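Biologist: I should like to learn how to read a model of this kind, feature by feature. Where should one begin?

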Amino acid sequence: MTDHDLSVRPATPGDAAAIRDLVLAAYAKWVPLIGREPRPMSADYDASVREHEFDLVLEGERLVGLIEMVLRDDHLWIENVAVSPSAQGRGIGRQLLARAEDRARRAGRTETRLLTNGAFAANISLYERVGYVVTHTEPYLGGVTVYMTKQLAPPVTA
């Protein structure tokens with residue numbers, strides 16, 4: 001992280017409640033737009049922290065951002081990116097996506113994938129600005145799920 005007040009560390013099982021609180025705060029703005037809670041708001045973070053890899057961004061002791069990742073056979077799946085409303089606009093989401101790409105490369109993967117709600121135009125715009133492209137869409141609960149991918153250059157070997 002470039003912001004000197006920020007640090008990054010992996011999640012532990014004891015972080016599940018703070019992760020849940022951050023996700024609820026980060027996604028609350030979307031509820032009026034789509035008329036329901038987005039899926040991440042109802043996830044079981046006790047299980048997710050045990051089963052998935054998380055990078056947490058802390059400002060001092062306060063959790064301000066996270067990325068949840070799952071290493072798959074041929075790509076790195078980004079399950080969730082969330083930034084506290086008070087920390088949005090500082091490039092934290094972009095930096096978390098870059099960390100996921102680095103993680104994918106270190107694991108020998110040349111692709112990252114994610115999905116988002118088609119109504120979340122700001123998210124889609126961010127993903128496109130950092131190199132993601134839409135692969136396909138599908139109807140979901142009266143809306144549209146947008147699937148996106150980013151092809152990564154293989155790691156440079158000396």
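**Reading the fold step by step**

Modeller: One begins with an inventory of the elements. The chain holds 5 helices and 7 strands. Please bear in mind throughout that this is a predicted model.

Biologist: In what order do the elements of the chain run from the N terminus on?

Modeller: The order is β-α-α-α-β-β-β-α-β-α-β-β. As for overall form, the radius of gyration is 15 Å, close to the 15 Å that the globule rule gives for 158 residues, so the chain is as compact as a globular protein of that length. The C-alpha trace spans about 50 × 40 × 30 Å along its principal axes.

Biologist: What share of the 158 residues in the chain is buried?

Modeller: Buried residues account for 44% of them. One may also consider the contacts with a separation of 6 or more: residues 24 or more positions apart make up 61% of these. At the surface, the chain exposes about 8,200 Å², of which carbon and sulfur atoms supply 52%.

Biologist: Let us turn to the interior. Which residues have the most contacts inside the largest nonpolar core?

Modeller: They are Ile-67, Ile-78, Ile-92, Leu-97 and Tyr-132, in a core of 24 residues. At least two residues of this core come from each of β3 (62–71), β4 (76–83), α4 (92–106), α5 (121–129) and β7 (143–151). The element that gives the most is α4, with 5 residues.

Biologist: Which residues are in contact with Leu-97, leaving aside its neighbours within four places in sequence?

Modeller: Leu-97 contacts Ile-67, Ile-78, Val-81, Leu-114, Leu-126, Tyr-127, Val-130 and Tyr-132. Apart from the largest core lies another, of 17 residues, including Ile-19, Trp-30, Tyr-45 and Phe-54.

Biologist: How does one read a strand and its partners? Why is strand β5 described as largely enclosed by the rest of the structure?

Modeller: A general idea helps first: in a regular strand, side chains alternate between the two faces of the sheet. In the present case, 5 of the 7 residues of β5 (residues 111–117) are buried, so this strand is largely enclosed by the rest of the structure. It is joined to β4 by 2 bridges, and the two strands run parallel. Within that pairing, Trp-77 has Arg-113 in β5 as its bridge partner. The path from β4 through α4 to β5 forms a right-handed β-α-β crossover.

Biologist: In what sense do β5 and β7 pair, parallel or antiparallel?

Modeller: They pair in the antiparallel sense, over 7 bridges. One bridge partner to inspect is Met-148 in β7, which is opposite Leu-114 in the bridge list.

Biologist: How many bridges join β6 to β7?

Modeller: There are 7 bridges, and these two strands run antiparallel. Pro-139, for instance, has Val-144 in β7 as its bridge partner.

Biologist: What should one look for in the turn of such a hairpin?

Modeller: Backbone angles deserve attention there. Most residues other than glycine have a negative phi. Leu-141 has a positive phi of about 45° although it is not a glycine. This residue belongs to the hairpin of β6 and β7, which has 2 residues between the strands. Is Leu-141 buried or exposed? With a relative accessibility of 60%, it counts as exposed.

Biologist: How should one read a residue in a loop? Where is Ser-84 found?

Modeller: The general approach is to ask for location, then accessibility, then contacts. Ser-84 is found in the loop between β4 and α4. It is buried, with a relative accessible area of 9%, where the limit for buried is under 20%. Not counting residues up to four places away in sequence, Ser-84 touches Leu-22, Arg-62 and Val-64.

Biologist: Does the same approach serve for Asp-44, and where does it lie?

Modeller: Asp-44 lies in the loop between α2 (31–34) and α3 (45–51). Its relative accessible area is 46%, and it is partly exposed. Asp-44 and Val-70 are 26 residues apart in sequence, and their C-alpha atoms are 15 Å apart in space.

Biologist: What of the segment after β7, and which residue is found there?

Modeller: Pro-154 is one residue found in that segment. It is exposed, with a relative accessible area of 55%. Pro-154 and Gly-108 are 46 residues apart in sequence, yet 7.4 Å apart in space, C-alpha to C-alpha.

Definitions and conventions. Residues numbered from 1 in each chain as written. Predicted model: local features only at pLDDT ≥ 70, side-chain atom pairs only at ≥ 80, totals over all residues. Heavy atoms only, no water. Core = buried A, V, L, I, M, F, W, Y, C linked by side-chain atoms within 4.5 Å. Buried < 20%, exposed > 50% of the residue type's maximum accessible area, 1.4 Å probe, protein only. Helix = DSSP H or I, 4+ residues; strand = E, 2+ residues; numbered from the N terminus. Contact = heavy atoms within 4.5 Å. Pairing = 2+ DSSP bridges. Right-handed = clockwise from strand over helix to strand, strands pointing away. Rg over C-alpha atoms; globule rule 2.2 N^0.38 Å. Areas by Shrake-Rupley, 256 points an atom, 1.4 Å probe, with all protein chains shown as cover.
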